[in-house]
Amino acid sequence: MKKTLILFTVILLAALVLSSCASTSSGTPTVTGGWKLKGSGYTETLWFTDSGKYVYEYEEEDYLSINVMDYDYRYEVSEDGKVTGQQLFIDGYQTEDFRLDGNTLVLNGETYSRTTRTAKDNSPKIKGTWTGDYFNMAFISNGTFIFGGGYRYCGDYIAENGELKLNDYYGPDYVIVNNTLYLEDEFYFSDSQYLKFERNSSAGKNAASLSFIISNGPWTYVSEDESYAYVYSFSKNGTYKAESYSLITEAKTGSYSGTYTHDNIYLYLSGDLDETLTLASVDGKLFGYLL
C-alpha cells in the first residue's frame, strides 16, 4: 500500500512538471510583441502587432521619429520541433540580417530585448480621449471628433481599415498598439512620419449637453493669437452674454449679447458675436474653442 502511494506521487509530480513546461512555453516562435534597445543617448522601440503591423520608434533626447509598416514573419521547424529557418519581411522586403532567439532579436546589426509578448492591434477601438505632445484628441461615440491644444479641428470621422477619415479632408493612416495610437502626421507638426498618442479613456461619451453647458458656465475661450479671452454665459431662454478681456493688460475690452442654438458639440451664436463655439466633455475631459 505504501509503495503504491509513493508510485502515484511520483507520477503526479511528473505530470505537474510536464504541465508547467507546457504552460510557460509558447511552442511557437514569434516576433509578436515589443522589443527595445537602449543605446548611448538613444532608445529604439519595435512593435510587431498580432495583425502584421510593424512600428519603429527612435528617441533621442527631445527628438522622436516613428514609422509604421507591414511585416510578415515566417519560420520552419523540423519533425522534432526544432526551428530550422526564420524569415522576416518588412514593407515587403526580406530582412537579411535577422535572427530570433527566445527573448533576443537581432535586426540589421542591432540586438533588441523583448519587453512584452502583447502587441494587440486595437485600431477599431479609437473611441475615447488621447493625449499627445502637440495636441489632444477626442473621438466621440456618435462619430464626432474634436482636437484641442496645439491643433484646433473638429467634425465627423470614420475609422476603418487602418485609415481615419476626418471630414473627408484628411485621411491619415493609423494603428493602435495596445493603448498607444500612432497617427500619420498629415498636420506637419514634426519631422516624424507618425505622431504618438496615449489613451486616457475608451468610452467616447460626451456629457456636454445643453443643461451641462448652462449649469457649468461661464465658459472662457482664448483667441487663437492668445491676446484676448472671451467669457460666455448661456441662459435657458436661448440667449447669451459675453465679455472680452485683454490677456496683456487684463482690462475689459467689450460686452456682447445675442441668441444661440446648440447642436452636438457646437454653439451657434448670433447677435453681437456671429461665430461658432465648440464644447465637449468627453469621458470627463474638456475640449473647447472658437471656430
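**Exercise 1.** Through how many residues does a hairpin join strand 12 to strand 13? Then trace the pairing around strand 12 in this predicted model.

*Solution.*
Step 1. The hairpin from strand 12 to strand 13 runs through 3 residues.
Step 2. Strand 13 covers residues 153–160 and pairs with strand 12 over 4 bridges, in the antiparallel sense. One pair to locate: F145 has G155 of strand 13 as its bridge partner.
Step 3. Turn to strand 11, residues 135–139. Here 5 bridges lead to strand 12, again antiparallel. F135 stands opposite G149 of strand 12.
Step 4. Strands 11 and 12 also form a hairpin, with 4 residues between them. In that turn, G143 has a positive phi of about 90°.

**Exercise 2.** Is strand 12 mostly covered or mostly exposed?

*Solution.*
Step 1. Take residues 144–149, the span of strand 12.
Step 2. Apply the cut-off: buried means under 20% relative accessible area.
Step 3. Of the 6 residues, 5 are buried, so strand 12 counts as mostly covered.

**Exercise 3.** In what order do the strands of the 7-stranded open sheet lie?

*Solution.*
Step 1. The order is 18-19-20-21-22-23-24, with antiparallel pairing.
Step 2. Find the edges. Strand 18 (219–222) and strand 24 (285–290) each pair on one side only.
Step 3. The twist averages 30° from one strand to the next.
Step 4. Check one pair. Strand 19 (228–234) and strand 20 (239–246) share 7 bridges. A229 has Y245 in strand 20 as its partner.

**Exercise 4.** Which residues form a nonpolar surface patch with V77?

*Solution.*
Step 1. Y75 and V83 join V77; together the three have about 240 Å² of accessible area.
Step 2. Place Y75: strand 4, residues 63–77.
Step 3. The relative accessible area of Y75 is 35%, so Y75 is partly exposed.

Conventions
Residues numbered from 1 in each chain as written. Predicted model: local features only at pLDDT ≥ 70, side-chain atom pairs only at ≥ 80, totals over all residues. Heavy atoms only, no water. Pairing = 2+ DSSP bridges. Helix = DSSP H or I, 4+ residues; strand = E, 2+ residues; numbered from the N terminus. Axes fitted to C-alpha atoms, helices over the stretch in contact; angles between N-to-C directions. Patch = residues over 30% accessible without salt bridge, like charges linked within 9 Å, V, L, I, M, F, W, Y side chains within 5 Å. Areas by Shrake-Rupley, 256 points an atom, 1.4 Å probe, with all protein chains shown as cover. Salt bridge = Lys/Arg side-chain N within 4 Å of Asp/Glu carboxyl O. Buried < 20%, exposed > 50% of the residue type's maximum accessible area, 1.4 Å probe, protein only.
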